[in-house]
Amino acid sequence: MTALRIILADQLSESMPSLQGLDTAQDTVMLCEVMEEARYVPHHPKKIAFLFSAMRHFAAGLEASGVRVRYIKLDDASNTGSFTGEVQRAAKELKSSRLIVTEPSEYRVLDMMNGWQKNLGIPVEILSDTRFLATHAEFDAWAQGKKQLRMEFFYREMRRKYAILMQPDGKPSGGEWNYDKENRKPPKVGMTSPPRLSHKKSAITKDVLALVKDNFSHHFGTLEPFYYAVTRKQALMELDHFVTHILPHFGDYQDAMVAGEPYLYHSLLSSYLNAGLLLPLEVCQKAEAAYRASKAPLNAVEGFIRQILGWREYIRGIYWHFMPEYGQRNTLNATHPLPDFYWGANTHMFCVAESVRHTRDHAYSHHIQRLMITGNFALLAGLDVKAVQAWYLAVYSDAYEWVEMPNTLGMALFGDGGVVASKPYAASGKYIHRMSNYCEKCTFNPDEMTGETACPFNALYWDFLVRHEEKFRRNQRMPYVFSTWDKFTPEKQKAIRAQAALSLQKMAEGIL
Ligand code: FAD
Ligand code: DLZ
Ligand code: SF4
């Protein structure tokens, strides 16, 4: 029985179920770089380079351990350009008698695989992805019958299941499940990011950079300098660096934003976790060990572990629980075209321009920039949910639909009707002013509501709430919002709405 075993770009873990029980005398493992995947949204060149280089290093590691590998490069003459084409070609050329894959992380690719099951003419085994910490069945059982799927309660189940940050008496470490109230301070004046690792480029990476430059230079984003980890060894160095030097301050400044500082105290581990170079459980355990050795405080460690054991697993659960219908939702009927400033065109809004600059240069921006700057603007302005999702999917090196979609459609855009967020993450310039130093550098004034120099977020915030009044007026979590609006005089209300309309018009004309 000659098995063809497929490894996708985000399955670069030795523990992949599709690599278990491998017969080195008969089986072949295939990885393929395909144009269809690189272009279905215009992925950031750094993201493509990261994935291709990591795939090539992973394949070299398998080969070195005696595994027969079929590695298809993007520019191989006979590359058909798609997963399906490459699987068909390989199965035929290798005379494979069965195909073994691990379930893909995206619904779109699972759909393709289901097609292989029908059309390939050999048995196709699709195995569960054991790297995630909650199975689909566990999430579905947890969600069953619940009116609201709150991450916090799911997270507690996961803490219990994996005995992470738990006391012997069954209570959470320190007595509380969540230390968020000690986190999320505004930035201190003059705050800078701690130094980060920059990995030396191997010959493999240099080849990939040349390939990406030749094929994808027209995509949004700068390719070089390229400093990403591309091997498990390097990703483990990133983990170690984070836990030793940065984790102790993780919680405190989790929501802070500073001009010229894309990283602050964030881990930068999402790309490595999502591609499989790091495993979520080992990351949580390493963070917990730092707490147990008194090397990092509980608020920081709990806050960090909650992101991975809680949010990351919850988001994946939501995606698979509600797909494919979830992807069609647009509860707030948001349809405005995505303005060019998301792709780097000029805007006077410093906060947006700075977040887009970080994205362009690093294929990264941190959670609060994604949620409260680019996401918040898209929410308030009513930007088309599909266009916004395609943007997030393209521009971040950690983006795959399973994690991008619930975060964008659900958390940032409230487009799923309140599954992920119980109220919209809508905020005026006041929030951005409090949590960043962006407004100091902006031509707009966060304290002004109307007029030439008024911060566009202010009027857009009210306009958004009033546009969707019937959905939000009775929301229990927004008790004072509408009573504030109601206290404004009719003239003030009219002026605010006119200011918002002017901002939307300027946005459409490319002059906001
Ligand atoms: P840290 O702040 O250091 O957090 C630690 C880890 O927790 C991350 O590496 C990540 O694995 C996990 N995590 C934290 N928050 C989330 C979350 N909400 N969902 C899932 N995992 C989380 N994350 C992605 O991995 N891919 C995406 O495509 C993606 N798209 C997003 C789109 C929007 C609109 C928003 C608001 C968030 C999105 N996120 C996405 C979640 C989060 O912003 C990123 O995981 C985080 O910024 C990655 O940087 P980091 O590794 O420095 O994270
Ligand atoms: C994102 C991406 C890119 C750019 N290129 C490839 C590729 O050439 N080969 C591959 O196996 N996967 C790639 N991916 C990831 C896929 O688009 C998809 O996200 C994963 O297969 C998960 O379903
Ligand atoms: Fe952003 Fe408004 Fe502050 Fe300018 S004033 S940086 S637009 S929040």
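The legends below describe close-up views of two ligand sites in a predicted model.

**View 1. The shell around ligand 2.** Ligand 2 has 19 residues around it, and those that come nearest are Ala9, Cys32, Val34, Glu37 and Glu106. By class, this shell holds twelve nonpolar, two polar and five charged residues.

**View 2. Polar contacts of ligand 2.** Glu37 and Glu106 take part through their side chains, and Val34 through its backbone. An N or O atom in the side chain of Glu37 is 2.5 Å from an oxygen atom of ligand 2. For Val34, a polar backbone atom lies 2.9 Å from an oxygen atom of the ligand. For Glu106, the separation between a polar side-chain atom and an oxygen atom of ligand 2 is 3.1 Å. On its own, ligand 2 has 480 Å² of accessible area, of which the protein covers 100%. The space that ligand 2 takes is the largest cavity.

**View 3. Helices at the ligand 2 site.** At least two residues of the shell around ligand 2 come from each of helix H1 (35–39), helix H2 (45–64) and helix H4 (107–119). Helix H2 gives the most to this shell, with three residues.

**View 4. The surroundings of ligand 3.** The space taken by ligand 3 is the second largest cavity. Four cysteines, Cys351, Cys439, Cys442 and Cys455, belong to the surroundings of ligand 3, together with Met349, Gly429, Ile432, Tyr438, Phe444, Pro446 and Phe457. This shell divides into ten nonpolar residues and one polar residue, with no charged residue.

How values were computed. Residues numbered from 1 in each chain as written. Chains lettered and ligands numbered in written order. Predicted model: local features only at pLDDT ≥ 70, side-chain atom pairs only at ≥ 80, totals over all residues. Heavy atoms only, no water. Near = heavy atom within 4 Å. 1 Å grid on protein atoms, 1.4 Å probe; cavity = no way out; pocket = protein on both sides within 12 Å on 5 of 7 lines; lining within 4 Å. Sits in = over half its atoms within 2 Å of the grid points. Nonpolar A, V, L, I, M, F, W, Y, C, P; charged D, E, K, R; others polar. Polar contact = N/O pair within 3.5 Å; in protein donor to acceptor, adjacent residues only side chain to side chain. Areas by Shrake-Rupley, 256 points an atom, 1.4 Å probe, with all protein chains shown as cover. Helix = DSSP H or I, 4+ residues; strand = E, 2+ residues; numbered from the N terminus.
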